[in-house]
Structure formats: C-alpha cells, structure tokens
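This report describes the fold, the aromatic contacts and selected residues of the structure shown below.

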Amino acid sequence: MINYYRGWDLNKITLQPAFILHRRAYRETSLLLDLFTESYGRISLIARGVRGHRSRLRSLLQPFVPLLISWQGKSELMLLNAAENNGAPFQLRGDCLLSGFYLNELLMRVLPKQDPHPPLYTIYHDTLLELQSGMLQQHTLRLFEKKLLAELGYGLQLQYDFSTGEKVVAEQFYLFYPEQGFKRSASYAGEKMQFKGKSLLALAEEEFPDEECRRDAKRLMRIALASLLGLSFLHSRKLFTEVQ
Amino acid sequence: MQFTPLLTQLIEALRCLPGVGPKTAQRMAFQLLEHHREKGKYLAKTLHEAMQQINHCTYCRTFSEAELCHLCSSARRDHSLLCIVESPSDIVAVEQMGSYRGLYFVLMGHLSPLDGIGPEQLGIKELTLLFARNTIKEVILATNPTVEGEATAHYISELAKQYPITVTRIAHGVPLGGELEYIDSGTLAHAFAGRGML
C-alpha cells in the first residue's frame with residue numbers, strides 16, 4: 001500500500017555512482033554532503049548519525065572514494081539511505097591531493113545543482129586516476145579545465161579567429177575576448193589577454209610541447225574560468241601557490 | 001507559553017552550547033533556578049572568568065590562561081620533539097597514552113579550501129617561527145587520517161623541508177583487539193601499505 005502522507009518514499013533513488021565533493025558537520029552526529037553523481041549532477045544530502053564512533057560509514061564518506069549511494073527525499077531535504085564502495089578509494093598524495101581539492105572546489109563553484117553531466121563524471125574519474133599515479137602533471141589539470149568548460153557550454157574555439165573565420169596561425173598573436181574567442185592582433189604587446197597562436201593550437205590538440213605552451217594554457221584557463229567563478233577566488237589555488 | 005524577558009534570555013543563551021535545543025535549554029534554566037541557585041552563580045562566575053582570561057598558549061596555541069601552558073613551560077618535556085595535532089582534545093588523547101614526552105602544536109582545525117580555511121587560520125606563521133628557532137629535531141604529524149588531515153600533514157611537511165627537521169607521520173591501521181573481517185577496505189589498505197618487518 002502506498003502511504004500518501006510520506007510522499008518522499010516514492011522518491012527513493014538507489015545505487016547511483018557518486019563522489020563526495022565536500023562535507024560539513026551538521027548537528028551532533030550528522031554530515032551535510034555535497035556529492036557529484038553520474039546521473040543526477042551535483043546534489044546535497046544529509047547523512048544522519050554517520051559521525052558517531054560506531055558508524056561504519058565514517059571512513060567511506062570521504063572525498064575521492066568512488067561510491068554507490070542511495071537516497072530519498074524531495075529536492076530540498078534529501079537523506080542518505082545507504083552508501084557502499086564502488087571500487088578502490090583513490091590514494092592521492094601531496095600535490096596531487098591538493099589538486100584533488102582544486103577539482104572539487106571548481107566543481108562546487110561552477111556546477112549548478114541537479115544538472116546532470118554524465119561525461120563530466122567520467123572526466124572527473126579519469127582525472128583522479130591520473131592524479132593517483134604520483135607526480136603532478138600540470139597538463140592533467142589544464143585538460144580537466146578545458147573539458148569542464150566545454151561540458152558546461154563555454155568551450156573555447158581555439159583553432160579559428162572568431163572575427164574573420166580564418167585558421168589560427170602558429171606564428172601569429174591573438175587577443176582573447178571572453179565568451180567570444182580569439183582575434184588576431186597586429187603585434188605582440190605583452191598584454192594579459194594576448195596569446196601566441198602556437199599555444200592555442202597546442203591546447204586544441206591537448207598537447208603541451210614546451211614551457212611556454214604550458215604557461216599560456218594556465219593563463220588562458222584562469223581567464224576563461226574567472227568569468228564563471230565571479231569575483232571570489234579559489235582557496236585551493238591559493239594553497240597551491242603557497243606550497244610552491 | 002510566555003516567559004519573562006530575563007528567563008527567555010537565559011534559555012536563549014544556553015542554546016549556544018553543543019547539543020542543546022530549546023527544550024533542553026528550558027530544562028537547564030529551570031533546574032538552575034529551582035534547585036541549584038548557588039551552583040548557577042558559581043557557573044556564571046566561572047564562565048565569566050574563563051571567557052575573560054583563557055587565551056591561547058603562545059607556544060602551542062592550546063587554551064591556556066597563562067602565557068605558556070603547563071606542558072610548554074615544563075622542564076621535564078623534551079623540547080626537541082613537536083607533535084602537531086588538530087585540536088586541544090587530541091592533546092588529551094595523546095597524553096592519555098602516556099608515552100609521549102615532547103611538546104605539542106595545536107592547529108585548531110585542518111586545511112579545508114572549500115570552507116575557506118587556509119594556512120593563516122591554522123597558525124602556520126607561528127609554526128614557521130617555531131621551526132626557525134632550530135630547537136626542534138623531529139616533527140610528528142598527528143593530524144586525523146581524513147583527506148583534509150592528510151593535506152594538512154603534507155603542507156606542513158613541505159614547510160619543514162627548509163629546516164633540518166625530521167618529519168614523521170603517525171601510522172594508521174588495524175585497531176588493537178580488532179578483527180580484520182570487520183575493518184573497512186580503506187583502513188586495511190593503509191595497514192598493508194605501512195606494514196612493518198618482524
């Protein structure tokens with residue numbers, strides 16, 4: 001028999017692949033979780049009584065652990081019903097761990113709630129896999145940023161000049177117009193928004209042959225993400241510059 | 001039911017304590033007023049004095065009304081050992097163990113970029129000054145085995161690299177008297193990764 005008074009029983013969702021992006025203490029023994037799920041996008045849940053001594057979920061409900069979660073409730077107050085392992089936890093160390101926090105902070109800030117992005121989930125998973133391999137490679141983060149922008153509909157048109165439609169030439173310089181694209185500039189003036197054609201083509205190919213390309217890619221991604229992030233800065237990015 | 005303004009204020013004030021909701025606060029207030037007037041006055045006096053006088057120890061940042069807490073000022077402690085913990089209650093836990101004779105440094109939290117908690121909030125500046133004094137030979141990182149605790153430990157170990165200091169991290173693994181069957185795979189993986197020679 002359906003109990004109509006407890007309508008949320010009808011909203012039970014089970015065994016969804018998910019990662020925890022952030023958790024906050026809530027009341028005495030509960031947690032407020034922000035999760036990135038494969039099919040439901042970013043959601044917030046209350047996990048009741050999981051901070052106690054006897055809770056089995058204590059070690060499971062951490063960032064970078066692939067989970068299968070079940071929850072119930074309407075969009076406002078959703079409760080975690082169950083969580084289990086969905087593969088081995090990612091063991092991130094050192095700079096790679098800080099990078100993991102960076103990915104989580106980015107997703108928390110730019111992903112709207114309950115907006116599913118299944119391809120992004122795969123990208124996030126694969127990026128964590130790369131971070132787990134040990135040494136932090138800058139290009140891992142750049143590619144994540146690039147794919148994140150593309151997935152959210154802010155993908156950069158790196159191979160063409162938006163004003164003329166001509167192909168980007170490696171030896172030329174281009175000015176970046178946020179949300180529009182790149183436009184050829186006559187000479188190099190060392191401006192913040194100016195990029196070498198070679199760097200743009202390299203990023204389009206997802207290759208970083210030299211230091212200049214890596215630096216330009218980092219600068220470009222910062223500018224491109226800034227319009228999504230608004231005025232406030234990313235805390236984990238700051239942490240990074242201080243460590244190095 | 002309406003209470004008088006002062007009584008309402010008392011109930012509201014008691015609610016700032018952890019785990020105290022409106023009902024519990026009301027019970028506490030009535031209990032104090034009905035049966036424990038003297039104890040209530042004593043509580044008020046102690047609370048007032050504590051709030052005025054208790055500050056952070058200038059060496060380890062734990063709560064202390066003196067400039068240096070009793071552990072930091074003790075001559076019997078080993079000043080070349082420094083154990084870094086997240087909260088004052090962690091000091092109590094380590095002291096209960098009884099075998100540690102060094103000093104402490106309390107971070108009062110852990111790095112958590114998403115909550116806006118960075119190195120400044122954790123007293124990393126003070127910690128760097130301690131490192132620069134060159135009295136410390138070993139730093140034991142006893143932050144919690146959560147991802148945030150690990151990140152904090154990594155951050156501090158990077159800092160300590162500039163100084164001639166040995167940096168160690170507490171081991172994590174199977175609890176004493178525990179059974180492998182009931183231990184989660186994450187802990188077990190740690191225990192295997194950190195296995196020791198016999």
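How much area does chain A expose, and what share of it do carbon and sulfur atoms supply? Chain A exposes about 12,700 Å², and 50% of this area comes from carbon and sulfur atoms. The model under discussion is predicted.

**Chain A as a whole**

The secondary structure of chain A consists of six helices and eight strands. Along the sequence, these elements follow the order β-β-β-β-β-α-α-α-β-β-β-α-α-α. Taken along the principal axes, the box filled by the C-alpha atoms of chain A is roughly 70 × 40 × 30 Å. Chain A has 244 residues, of which 46% are buried. When contacts between residues at least 6 apart in sequence are considered, 57% of those in chain A join residues at least 24 apart. Chain A also carries 31 positive and 26 negative charges, and the mean positions of these two sets lie 9 Å apart.

**Aromatic pairs**

A pair of aromatic rings is described by the distance of the centres and the angle of the planes. Over all chains, the structure holds 14 aromatic pairs. One of them joins F36(A) and Y124(A): the planes stand at 80 degrees, over the cut-off of 60, so the pair is edge-to-face. Their ring centres are 5.9 Å apart. This pair links distant parts of the chain, since F36(A) belongs to strand β2 (residues 30-37) and Y124(A) to helix α2 (residues 118-132), with their positions 88 residues apart in sequence. F36(A) is buried, at 0% relative accessibility, and Y124(A) is likewise buried, with a relative accessible area of 0%.

A further edge-to-face pair is formed by Y40(A) and W71(A). It too links distant parts of the chain, with Y40(A) in the loop between β2 and β3 and W71(A) in strand β4 (residues 67-73), 31 residues apart. Is W71(A) buried or exposed? W71(A) has a relative accessible area of 2%, under the 20% cut-off, and is therefore buried. Y40(A), by contrast, is partly exposed, with a relative accessible area of 31%.

The geometry of the two pairs is set out below.

| Pair | Centre to centre | Angle between planes |
|---|---|---|
| F36(A) and Y124(A) | 5.9 Å | 80 degrees |
| Y40(A) and W71(A) | 5.2 Å | 85 degrees |

F36(A) and Y124(A) also belong to one aromatic cluster, together with F19(A), F90(A), Y121(A) and F144(A). Elsewhere in chain A, a charged residue meets a ring: R219(A) lies over the face of F195(A), at 4.2 Å from the ring centre.

**T127(A) and P164(B)**

Helix α2 of chain A, which holds Y124(A), also contains T127(A). T127(A) counts as buried, at 6% relative accessibility. Which residues does T127(A) contact, leaving aside its neighbours within four places in sequence? These are L103(A), T140(A) and F144(A); F144(A) is one of the members of the aromatic cluster.

In chain B, P164(B) lies in the loop between α7 (147-160) and β6 (166-169). P164(B) has 68% relative accessibility, over the 50% cut-off, and so counts as exposed. Not counting residues up to four places away in sequence, P164(B) touches N134(B), I136(B) and K137(B). The C-alpha atom of P164(B) is separated by 50 Å from that of Y42(B), a residue 122 places away along the chain.

Definitions and conventions: Residues numbered from 1 in each chain as written. Chains lettered and ligands numbered in written order. Predicted model: local features only at pLDDT ≥ 70, side-chain atom pairs only at ≥ 80, totals over all residues. Heavy atoms only, no water. Helix = DSSP H or I, 4+ residues; strand = E, 2+ residues; numbered from the N terminus. Buried < 20%, exposed > 50% of the residue type's maximum accessible area, 1.4 Å probe, protein only. Contact = heavy atoms within 4.5 Å. Areas by Shrake-Rupley, 256 points an atom, 1.4 Å probe, with all protein chains shown as cover. Lys, Arg positive; Asp, Glu negative; His and termini not counted. Charge placed at Lys NZ, Arg CZ, Asp CG, Glu CD. Phe/Tyr/Trp six-rings, centres within 6.5 Å; stacked < 30°, edge-to-face > 60°. Lys NZ or Arg CZ within 6 Å of the ring centre and 35° of its normal.
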